Amino acid sequence: MRTLKRSTSTAVVLAALAGTAALATAAPASAASYHCTTSSYTVDDPSLNPDSDNWDFDVRLCAKRSGGYVYTTANVTWDGPYSAPKNRFNKARFHLQTKRSVKGTDPVVKYANYNGLKRALAHSSSNGNGSYETGSIKSKAGSSRYLADGYIELDWAGDGKGYRKPLIFSASPRV
């Protein structure tokens, strides 16, 4: 009897090891990847007079579909004037939108304002450079195609004008 138990135990251990090895060598499920577009916008600082007072923004707008949902996100980088004061903006935000792609104007499905852009701009490097990444918007996806769209709004300190004309960027590819 002892031999039977030992053989059974050995078979169970070998089966468990084989199952573990199969799991370890199985290829991971492929995760959906973001489809992105990067575009640029240069804006002149209205309070500074030198030639190098422009803020050069690059925005990467991204969208992906996964598990019945669409996800959108944005990454903002900039090259600002090295002499710009830390309190250059009263307010600054990135307005991220998830849109359904249709003929004509694409309707907004969901949006979010990311006000953390103001803090990120205030903490630019000594050369005036920096970056900011929004969170991700998750929306239930139907059979339509979707895209990420968005813009920056800046309220320059000291001018009393509030948010100026939005800085518009190119939308992501449709997913």
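The legends below describe close-up views of a predicted model.

**View 1. Four strands make an open antiparallel sheet**. The strand order is S5-S4-S8-S9. S5 and strand S9 (167-168) are the edge strands, and each pairs on one side only. Inside the sheet, S4 and S8 run antiparallel and are joined by twelve bridges. One residue pair marks the register: Gln 97 has Asp 149 in S8 as its bridge partner. Strands of a sheet pair through backbone hydrogen bonds, either parallel or antiparallel.

**View 2. S2 pairs with S1 and with S3**. S1 and S2 are antiparallel, with ten bridges between them. Here Val 43 has Trp 55 in S2 as its bridge partner. S2 and S3 also run antiparallel, joined by eleven bridges. Arg 65 is matched with Val 70 in S3. S2 and S3 form a hairpin, and two residues lie between the strands. Gly 67 sits in that turn and has a positive phi of about 55°.

**View 3. A disulfide joins Cys 36 to Cys 62**. The S to S distance is 2.1 Å. By the distance rule, the count comes to one disulfide. The torsion about the S-S bond is about 115°, so the disulfide is right-handed. The link spans distant parts of the chain: Cys 36 belongs to strand S1 (residues 35-44) and Cys 62 to strand S2, 26 residues apart. Which of the two cysteines is buried, and which is partly exposed? Cys 36 is partly exposed, with a relative accessible area of 25%. Cys 62 counts as buried, at 7% relative accessibility.

**View 4. Ring pairs build an aromatic cluster**. The cluster takes in Trp 55, Phe 57, Trp 78, Phe 89 and Trp 156. By the ring-pair rule, the count comes to five aromatic pairs. In one of them, the rings of Phe 57 and Trp 78 have centres 6.5 Å apart and planes at 55°, so the pair is tilted. This pair links distant parts of the chain, with Phe 57 in strand S2 (residues 54-66) and Trp 78 in strand S3 (residues 69-79), 21 residues apart. Phe 57 and Trp 78 are both buried. The rings of Phe 89 and Trp 156 have centres 4.7 Å apart and planes at 45°, so that pair is tilted. Phe 89 lies in strand S4 (residues 89-101) and Trp 156 in strand S8 (residues 145-156), 67 residues apart. Phe 89 and Trp 156 are buried.

**View 5. Two lysines place their charged ends over tyrosine rings**. The charged end of Lys 64 sits over the ring of Tyr 71, 5.6 Å from its centre. The charged end of Lys 140 sits over the ring of Tyr 69, 4.9 Å from its centre.

**View 6. The largest nonpolar core holds 31 residues**. Which members touch the most other members? They are Phe 57, Phe 94, Ile 152 and Leu 154. At least two core residues come from each of S2, S3, S4, strand S5 (108-114), helix H2 (116-122) and S8. In soluble globular proteins, nonpolar side chains tend to be buried together. Beyond its sequence neighbours up to four places away, Leu 154 touches Phe 57, Phe 89 and Leu 121, among others. Its list also includes Val 43, Ala 92, Tyr 163 and Leu 167. Polar or charged partners of Leu 154 include Lys 91 and Arg 164.

**View 7. Thr 98 and Ile 137 are in contact**. Thr 98 is found in strand S4. Its relative accessible area is 0%, so Thr 98 is buried. Ile 137 lies in strand S7 (residues 137-140). Ile 137 is buried too, with a relative accessible area of 5%. Leaving aside neighbours within four places in sequence, Thr 98 contacts Val 70, Thr 72, Pro 107, Val 108, Val 109, Lys 110, Ile 137, Ser 139 and Leu 147. With that exclusion, the contacts of Ile 137 include Val 70, Thr 72, Lys 110, Leu 96 and Tyr 111. Tyr 71 is another contact of Ile 137. The C-alpha atoms of Ile 137 and Tyr 71 are separated by 5.5 Å, although the residues are 66 apart along the chain.

Note on methods: Residues are numbered from 1 along each chain as its sequence is written. This is a predicted model: local features need pLDDT of at least 70, side-chain atom pairs count only at pLDDT 80 or more; totals for chains, interfaces and linings use all residues. Side-chain values use heavy atoms; hydrogens and water are left out. Rings of Phe, Tyr and Trp (its six-membered ring) pair if their centres lie within 6.5 Å; planes under 30 degrees apart count as stacked, over 60 as edge-to-face and the rest as tilted. Buried means under 20% relative accessible area, exposed over 50%, partly exposed in between (1.4 Å probe, protein chains only). A charge sits over a ring if NZ of Lys or CZ of Arg is within 6 Å of the ring centre and within 35 degrees of the ring normal. A disulfide is a pair of cysteine sulfur atoms within 2.5 Å. Contact means heavy atoms within 4.5 Å. A nonpolar core is a set of buried Ala, Val, Leu, Ile, Met, Phe, Trp, Tyr and Cys residues joined through side-chain atoms within 4.5 Å. Two strands pair if DSSP finds at least two bridges between them.
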